[in-house]
Amino acid sequence: MTRTKGVRAFGHRFGAMCRPLARTGLALVAAGSLATAQAANSVLCHVTYGGQTQVLRAHATTSPYTVAPVSVGSYFLFRIVFERAPAGLAAVKLYTYADKDDGAVPIHVAEFPLPLPAGGRYGFTGMQRVYEPVRDGELEYWCEMREAGARR
């Protein structure tokens, strides 16, 4: 019984000595991983309209309201918002707008919380289709996460 107490006491003291080091080490690893992940990854969306495909890229942002949409054809606008922080709200958000004379009108919104599911043939979104309400046109898109240095 006494021996067990001694082992427990040693384990308790050893654990107490190591906790600050472990916390510091974990914090450094987490900070390094986050910085690397933020610098390394980007979201690529393959957007097709009128038979033409554009590949749109987005990096992580901390100011989502400043991300501007990109024109796709003469009617659609497409916007990719890639947020890593705060962790509870981390997600990839995809917006499709109708570009009307009196301003952009959202017609499709999709949100994919992080971590993203494993991508299949059409990335983490699957093949998506959005239809314009006036001209009966179709926009198709699919998106994937791309690691820095990956080729394609």
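In which strand is the place of Lys93? Strand 5, residues 91-100. The notes below start with the model as a whole and come back to that residue.

1. **Confidence.** This is a predicted model. The protein chain averages a pLDDT of 79. Of its residues, 71% score at least 70. Residues 1-39 are another matter: pLDDT stays under 50 there. For that stretch the model has four contacts beyond four places in sequence. Please read residues 1-39 with that score in mind.

2. **Layout.** The protein chain holds one helix and eight strands. From the N terminus on, the order is α-β-β-β-β-β-β-β-β. The helix therefore precedes the eight strands, in the order α-β-β-β-β-β-β-β-β as defined by DSSP runs numbered from the N terminus.

3. **Burial, contacts and surface.** The protein chain has 152 residues, and 32% of them count as buried. Take the contacts with a separation of 6 or more: residues 24 or more positions apart account for 38% of these. The exposed area of the protein chain is about 9,900 Å². Carbon and sulfur atoms supply 57% of that area.

4. **Lys93.** Is this lysine buried or exposed? Lys93 has a relative accessible area of 16%, so it counts as buried, the cut-off being under 20%. Leaving aside neighbours within four places in sequence, Lys93 touches Arg79, Ile80, Val81, Glu83, Ala110 and Glu111. Glu111 lies 18 residues away along the chain, yet the C-alpha atoms of Lys93 and Glu111 are separated by 4.4 Å.

5. **The partner of Lys93.** Which side chain makes a polar contact with the side chain of Lys93? That of Glu83, at 3.0 Å. Glu83 sits in strand 4, residues 76-83, and Lys93 in strand 5. Glu83 has 11% relative accessibility, so it too is buried under the 20% cut-off. Beyond four places in sequence, Glu83 is in contact with Thr61, Pro64, Ala90, Ala91, Lys93 and Leu114. Leu114 returns in point 9 as one side of a cis peptide bond.

6. **Aromatic pairs.** How many aromatic pairs does a search of the whole structure find? Six. One of them is Tyr95 with Tyr97, a stacked pair. The ring centres are 6.3 Å apart, with 15° between the planes. Both tyrosines are buried. Tyr95 has a further partner: Arg79 lies over the face of its ring, at 4.8 Å from the ring centre. Arg79 is also among the contacts of Lys93.

7. **Tyr122 and Trp142.** These two form an edge-to-face pair. The distance is 5.9 Å centre to centre, and the angle between the planes is 75°. Tyr122 lies in the loop between strand 6 (103-113) and strand 7 (128-131), and Trp142 in strand 8 (residues 138-146), so the pair ties together parts that are 20 residues apart in sequence. What about burial? Trp142 has a relative accessible area of 14%, so it counts as buried. Tyr122 stands at 28% relative accessibility and therefore counts as partly exposed.

8. **An aromatic cluster.** Which residues form one aromatic cluster? Tyr49, Tyr75 and Phe76.

9. **Cis peptide bonds.** Where should one look for cis bonds? One joins Ala85 and Pro86, with omega about 0°. Pro86 is in the loop between strand 4 and strand 5. Those are the strands that hold Glu83 and Lys93. Another cis bond joins Leu114 and Pro115, again with omega about 0°. Pro115 is in the loop between strand 6 and strand 7. Tyr122 lies in that loop as well.

10. **Asp136.** This residue deserves a look at its backbone. Asp136 is not a glycine, although its phi is positive, about 65°. The place of Asp136 is in the loop between strand 7 and strand 8. Is the residue buried or exposed? Its relative accessible area is 67%, so Asp136 counts as exposed, the cut-off being over 50%.

Note on methods: Residues numbered from 1 in each chain as written. Predicted model: local features only at pLDDT ≥ 70, side-chain atom pairs only at ≥ 80, totals over all residues. Heavy atoms only, no water. pLDDT = per-residue confidence, 0-100. Contact = heavy atoms within 4.5 Å. Phe/Tyr/Trp six-rings, centres within 6.5 Å; stacked < 30°, edge-to-face > 60°. Buried < 20%, exposed > 50% of the residue type's maximum accessible area, 1.4 Å probe, protein only. Helix = DSSP H or I, 4+ residues; strand = E, 2+ residues; numbered from the N terminus. Lys NZ or Arg CZ within 6 Å of the ring centre and 35° of its normal. Areas by Shrake-Rupley, 256 points an atom, 1.4 Å probe, with all protein chains shown as cover. Polar contact = N/O pair within 3.5 Å; in protein donor to acceptor, adjacent residues only side chain to side chain.
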